[in-house]
Amino acid sequence: MAASLPPPPPDPQFVLRGTQSAVNALHFSGGTHAQGCPFLFSGSQNGLVHIWSLQTRRPVATLDGHGGQSVTWLQMLPRSTHFLSQGRNLRLCLWDLAEGRNTVVDSVHLESVGFCQSSILAEGQPHWMLAIPGKDCDEVQILEMPSKTSVCTLKPEADAKPGMPMCLRLWQANPSSHPLLLVGYEDGSVSLWDISERKVCSRIACHKEPIMGLDFDSQKARGISGSAGKGLAVWRLDGQQALQMCGTHKLTNAGIADITIRPDHKILATAGWDHRIRVFHWRTMKPLAVLAFHTASVHCVAFATDGLLAAGSKDQRISIWSLYPST
């Protein structure tokens, strides 16, 4: 008797259309099914941010704060009605979305025109930390917000030459510990910075090509990165804050634009230049699904708290998937 074939990959649960431009950034806000449907924020190449209702599957608001220049990063502040959007117009906007408002209440001028996305460290307190690409091509600037006070500028040693920062990820092990910053660089390396000490704790060579996306699981002290090449790199942080390679996973086609680990730390998804979304088991890195729906490069992926997956593409569509439900 012939062995049964694995089931075919599912179709999207639904598709959001209407951005009229390539989708470069996604971010879910809102909670679980018990709390009602979350909202999805999308940032497009035409400079617009759409806020989507996943019940009506239509935009409930459109934010225009980037002068027609591409939106590259979106982030809601935890337990807040304030929202951040970063654009290629060298402006990071802070929006107030309370009570139906959609106004820019503050902004940060960016010195770098690159594609490096910013990162925040905020747990609902009034003061929070923001990491942005710095003035010089290899620098990262750390600001205290909302005062915009400069905390420090992190610049690699002269002989390191890692190139431009491509990905930033602020985190801390617990509220009383030092804030740390993971940086994926143009030369394919990942560095761990201690912000308080203004120094690199550890650096590891992960890829031969520029790092295009990374995510970090602070519970497991384990991270993953993807690049313009054909591989994913999994690495971890030991008790002495040293980065160590765990292994690599070879891909069929080159180019990962984004990586995100689901909030329950069970699975992860990647956005591929080859038009595909790939889903892996996070602990074992076993491939679980290849989702071939989009007709152009997938630029971004995001998970909701309830496990819903969204993917945005150059084809101007956002696909919504329900895979391996969270338990």
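**Entry 1: salt bridges**

I began with the charged pairs and found that the structure holds 12 salt bridges. I note here that the model is a predicted one.

I looked up glutamate 99 and found a salt bridge to arginine 101, with 3.4 Å between the closest N and O atoms. How accessible are the two partners? I read a relative accessible area of 76% for glutamate 99, which is exposed. Arginine 101 is partly exposed, at 38%.

I then turned to lysine 148, whose side chain meets that of aspartate 106 in a salt bridge with an N to O distance of 2.9 Å. Lysine 148 sits in the loop between strand 12 (140-145) and strand 13 (149-154), while aspartate 106 belongs to strand 9 (residues 103-109), so this pair ties together parts that are 42 residues apart in sequence. For lysine 148 I noted a relative accessible area of 35%, hence partly exposed. Aspartate 106 has 25% relative accessibility; since buried means under 20%, I entered aspartate 106 as partly exposed.

Next I examined arginine 203 and aspartate 187, whose side chains meet in a salt bridge at 2.6 Å, N to O. I located arginine 203 in strand 17 (residues 199-205) and aspartate 187 in the loop between strand 15 (180-185) and strand 16 (189-194); the pair links distant parts of the chain, 16 residues apart. Both partners are listed with their exposure: arginine 203 is partly exposed at 41% relative accessibility, and aspartate 187 is partly exposed at 31%.

Which residues are linked in a network of salt bridges? I recorded Asp136, Asp138, Glu139 and Lys155.

**Entry 2: an open sheet**

I traced a sheet of 4 strands, which is open, has the order 22-23-24-25 and is paired antiparallel. Which strands stand at its edges? They are strand 22 (256-261) and strand 25 (287-291); each has a single partner strand, so one side of each is left without a neighbour in the sheet. I noted an average turn of 15° between neighbouring strands of this sheet, direction ignored.

I followed the pairing of the edge strand 25 further. Strand 24 (residues 277-281) is joined to strand 25 by 4 bridges, and the two run antiparallel. Within this pairing I checked valine 279 and found its bridge partner in strand 25 to be alanine 289.

**Entry 3: the second largest pocket**

I took the volume of the second largest pocket as about 250 Å³. Its lining comprises 15 residues, and those closest to its centre are Phe39, Phe41, Ile51, Met76 and Leu97. Which elements give two or more residues to this lining? I identified strand 3 (39-44) and strand 5 (58-64). Sorted by class, the lining of this pocket has 8 nonpolar, 5 polar and 2 charged residues.

**Entry 4: the cavity**

I searched for enclosed space and found 1 cavity of 30 Å³ or more. The largest cavity has a volume of about 40 Å³. What lines the largest cavity? I listed Thr72, Gln86, Gly87, Arg88, Leu90, Leu110, Ser112, Val113 and Gly114. By class, this lining has 3 nonpolar, 5 polar and 1 charged residues.

Key
Residues are numbered from 1 along each chain as its sequence is written. This is a predicted model: local features need pLDDT of at least 70, side-chain atom pairs count only at pLDDT 80 or more; totals for chains, interfaces and linings use all residues. Side-chain values use heavy atoms; hydrogens and water are left out. Two strands pair if DSSP finds at least two bridges between them. Axes are lines fitted to C-alpha atoms, for helices over the stretch in contact, and angles run from 0 to 180 degrees between N-to-C directions. On a 1 Å grid over the protein atoms alone, a cavity is a set of points where a 1.4 Å probe fits but cannot get out, and a pocket is an open set with protein on both sides within 12 Å along at least five of seven lines; lining residues have an atom within 4 Å of a point. Grid points are joined across faces, edges and corners, and a volume is the space filled by probe spheres set on the points. Ala, Val, Leu, Ile, Met, Phe, Trp, Tyr, Cys and Pro count as nonpolar, Asp, Glu, Lys and Arg as charged, and the others, Gly among them, as polar. A salt bridge is a side-chain nitrogen of Lys or Arg within 4 Å of a carboxyl oxygen of Asp or Glu. Buried means under 20% relative accessible area, exposed over 50%, partly exposed in between (1.4 Å probe, protein chains only).
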